[in-house]
Every structure is written in structure tokens, then in C-alpha cells.
Amino acid sequence: MKKYNVGIIGATGMVGQRFALLLCDHPWFNVKILAASGRSAGKTYEEAVSGRWAMTSPIPENLKDITVLDAVKDMEDIAKAVDFVFCAVDMKKDEIKALEEAYAKLECPVVSNNSAHRHTDDVPMIIPEINADHLEIIEAQRKRLQTKKGFIAVKSNCSLQSYVPALYPIDQKFEIDKCLVCTYQAISGAGKTFERWPEMVDNVIPYIGGEEEKSELEPLKIWGKIENGKIVPATSPKFTAQCLRVPVSDGHMAAVFVSFKNKPSKDEIINIWKEFSGEPQALELPHAPKQFINYFYEDNMPQTKLNRNLEGGMAVSVGRLREDTQYDYKFVCLSHNTLRGAAGGAVLLAELLCAKGYMD
Ligand SMILES: NC(=O)c1ccc[n+]([C@@H]2O[C@H](COP(=O)([O-])OP(=O)(O)OC[C@H]3O[C@@H](n4cnc5c(N)ncnc54)[C@H](OP(=O)(O)O)[C@@H]3O)[C@@H](O)[C@H]2O)c1
């Protein structure tokens, strides 16, 4: 595989720092540009993240001395210097939409962690093991943007990266009717650490702005179909969600209740999870977990602290599958919110896009 030059837009933030760690020694990607706001521009990366490096591993040596650019003012130079960019910025939605489209129109593809374009109907929102076929919509998007190479591809919200992978393959065979999910979400999902958010120690906050809507709606786009140059969201399964912030550094857990049109047996569900894999596994992409869904039989598993880093934080852990009195089944699942749920998911998506020729 050829090496691609890449940029990280929002490199100083929580997700950006994860990108830096995942990309600093990536076999296919060479980090050429780090960009953020005007507040960081002109500083070395080490200076720009000083006092707010939130990762347990140190700042990568090969990135420390790179001068951070301004993602807006230096856009043309950035777009020229790289094959594509990763984007994870904390800006207003309309500003992010405009920023990402501007990069795409400069023929610089954007692999985005932001929510701004998740419901743009010709922007694919991808969990690579599930709906890699939605990448075909890029052709229609390029027509709209009048680009040859530039496009935007996004990953879905971190809250649903544990339960959508668990539900999708069983729905394919047994048709889910409805699903209720309660998520227990880590503070890194808000770009925070306990030092920067001491109120979260010994506390639970029962509200995360916009998260319940995302957790209910985004799965329907992932389940959707391409029709006439648009991704048309599915109308079922029906989801209802409650999302809570819990005092955990990393790792989102979800308690799921599900009913089917054709109720499977417990063994049938577990076997589907064990056997499920997708294009990342078939293509042996560098960040593809070998076993995507891991079922734990112990009653007290999976646990956030023990299992969030499974397969480099790219695998999903599931457990406690049992019958329910109101729904057919209930179970719990877990994924790492800034790895599979954010930067890692975007890196896997970029690997898929490269392997399929979209970045050339
Ligand atoms: N944290 C997660 O688990 C997670 C998961 C999925 C998706 N996301 C999404 O990823 C995005 C970033 O989240 P985060 O947690 O990494 O946020 P964060 O820690 O607050 O970092 C925000 C980044 O955006 C940059 N930025 C802010 N204003 C800018 C501007 N006007 N122009 C250019 N860059 C600007 C910041 O640069 P400065 O340092 O220079 O201010 C910083 O690099 C958000 O859209 C979030 O919803 C986060």
C-alpha cells in the first residue's frame, strides 16, 4: 500500500490527540499537518497541547515539533499538502459544515468525527463492518460538490458504537421490532478529564445535550438504503434512548432491551455475534479488530475498565444476554468512545476508503 500524507484538523483536542497517537506510526499514513484554531496556530504541537495533554501515552516524538496551522486561514496550503484530512473540531454546526465542504471543494477528502454532516443525505455515515456499501454515495456527492476527488465521509456518534454493531447482524436474520437503550457514557466523550471536570467525581449527570436524538436517529441512517443519489434512512427498527454521563474516564456502556419480529434463541444470537465480520476483516485493514464482537459468559462482564481496550479499543464487548419480561431479550455492551467511537473508527474508515481507491 502506498503512503498517504494526512492532516489532523482539531489536532489539539481530545479526539485530535487520539488521532495523533493512532497515526504517528501508522503503516499507510504519514502525518504531515496538524491544525487547530487561531489560539494554537504558530505554536509547536508540544506547546499547543501543554497542560492539556489528556492521553496516558506521551506526545509522539515525531509530532512534537510540528508547527500547528490555522485550520481556516491556512486551508488552501493544508489542502495542497495532504492527500486527505481527519477532522474533529469543537465549532458551531454551520461553521463545521462550511469548513468540511470547503476542504472537500479544494479536492481534499475529509474523514470526519463531527456531527454536522451526519444527516446530509449524500454524505456516508459509516461503521465499516456494517454499511461499507454506503461509500457508493460518494459519486453522487462529488457530482453535487463538483469535485473530482474531494468528498466528506463521517463516522457515527460514539454512543451507538457498542449497540449498533450488536443489533445489526441479528436484525438481518430475525428482524428487530423495537429497541430500548440506556447508555452510560464516559467523560472523555465531552472532551474532558477528571482534572478538568471535578464535578464528575462521585457523580452521574442524567443529560447529555443532543445525545438521545443522535442515539435514536443515527442507527436509521446506518440501516438505510441508497436511492437516486441519496441515503434514505430506514424506518425500523424503532429506537428509544436515555443517555447518562457517568464518572468513567473512557468507555461507553449500553444496557439494551430488544424485541424481534421472529424471536431467535439465545444461542442463535451469540453465534451470530461470534461469526460476524465485515469488509475491514476481509481486507485485513491495519485497525480492524480480528474479532469484532466479543461475547462474555461471566455475569459480571464486560467491565469498562477491563474490556474497553480490547483489540486496541477497536472491538465491541457484549455480555449478560438473557430473556426479559417486557422485551424478548436484554444485554449490555461496551465500546471505547475515543478509539472505536471516535478517532479509531475514523482511522478504520480512512483505511477502508484507501483500500477501495477513494483517496487516489
Ligand atoms: N470526545 C469524544 O469521545 C468524541 C466522540 C465522537 C465525536 N466527537 C466529536 O469530535 C469533535 C471534537 O471533540 P473533542 O472532544 O476532541 O473536542 P475538544 O477536546 O474540545 O477539541 C476541539 C478542537 O477543535 C479545535 N477548534 C475549536 N475552534 C476552532 C476553530 N474556530 N477553528 C479550528 N479549530 C477549532 C480546537 O483547537 P484549539 O485547541 O486551538 O482551541 C481543538 O483542537 C466534536 O465535534 C465532537 O462532537 C467527540
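In what order do the six strands of the open sheet stand, and is the pairing mixed? In this predicted model, the order runs S10-S7-S11-S14-S13-S12, and the pairing is indeed mixed. The edges are taken by strand S10 (238-245) and strand S12 (293-296); each has a single partner strand, so one side of each is left without a neighbour in the sheet. From one strand to the next, the twist averages 20 degrees.

A look at one pair of strands gives more detail. S7 and strand S11 (residues 252-260) pair in the antiparallel sense, and eight bridges join them. Within this pairing, cysteine 182 has alanine 255 of S11 as its bridge partner. Helices also pack on the sheet. Helix H8 (residues 163-174) touches S7, S11, S12, strand S13 (316-323) and strand S14 (329-335), and its direction makes about 170 degrees with that of S7. Helix H9 packs on the sheet as well, where it touches S7 and S10; the direction of H9 makes about 145 degrees with that of S10.

The loop between strand S7 (176-185) and helix H9 (211-222) holds isoleucine 205. Is this residue buried, exposed or partly exposed? Isoleucine 205 has 15 C-beta neighbours inside 10 Å, and therefore counts as partly exposed; the range for that class lies between the limits of 12 or fewer for exposed and 20 or more for buried. Isoleucine 205 and alanine 36 are separated by 169 residues in sequence, and their C-alpha atoms are 29 Å apart in space.

On the scale of the whole chain, the domain assignment gives domain 1 (4-157 + 342-355) and domain 2 (159-336). Their C-alpha centres lie 24 Å apart. Contacts between the two involve 33 residues of domain 1 and 30 residues of domain 2. On the domain 1 side, helix H6 (128-131) and helix H14 (339-355) each supply at least two of the residues that touch domain 2, and H14 gives the most, with seven residues. Sorted by class, this side of domain 1 has 16 nonpolar, ten polar and seven charged residues.

The ligand comes next. Which residues are closest to it, and how many surround it? The shell comprises 28 residues, of which the closest are Gly13, Ala36, Ser37, Ser40 and Gly191. Two or more residues of the shell come from each of helix H1 (14-23) and H14, and H1 gives the most, with three residues. By class, the shell has eleven nonpolar, 15 polar and two charged residues. Both domains take part in the shell around the ligand, as at least three residues are drawn from each of domain 1 and domain 2. Helix H14 thus appears in two settings: on the side of domain 1 that touches domain 2 and in the shell around the ligand.

The final residue to be described, tyrosine 358, lies in the segment after H14. Tyrosine 358 counts as partly exposed because 18 C-beta neighbours lie inside 10 Å, a count under the 20 needed for a buried residue. Apart from neighbours within four places in sequence, tyrosine 358 is in contact with Leu135, Ile138 and Leu353. Glutamate 139 is 219 residues away from tyrosine 358 along the chain, with 9.7 Å between their C-alpha atoms.

Terms used: Residues numbered from 1 in each chain as written. Predicted model: local features only at pLDDT ≥ 70, side-chain atom pairs only at ≥ 80, totals over all residues. Helix = DSSP H or I, 4+ residues; strand = E, 2+ residues; numbered from the N terminus. Pairing = 2+ DSSP bridges. Axes fitted to C-alpha atoms, helices over the stretch in contact; angles between N-to-C directions. Contact = placed C-beta atoms within 7 Å. Domains from an automatic or database assignment. Nonpolar A, V, L, I, M, F, W, Y, C, P; charged D, E, K, R; others polar. Near = placed C-beta within 6 Å.
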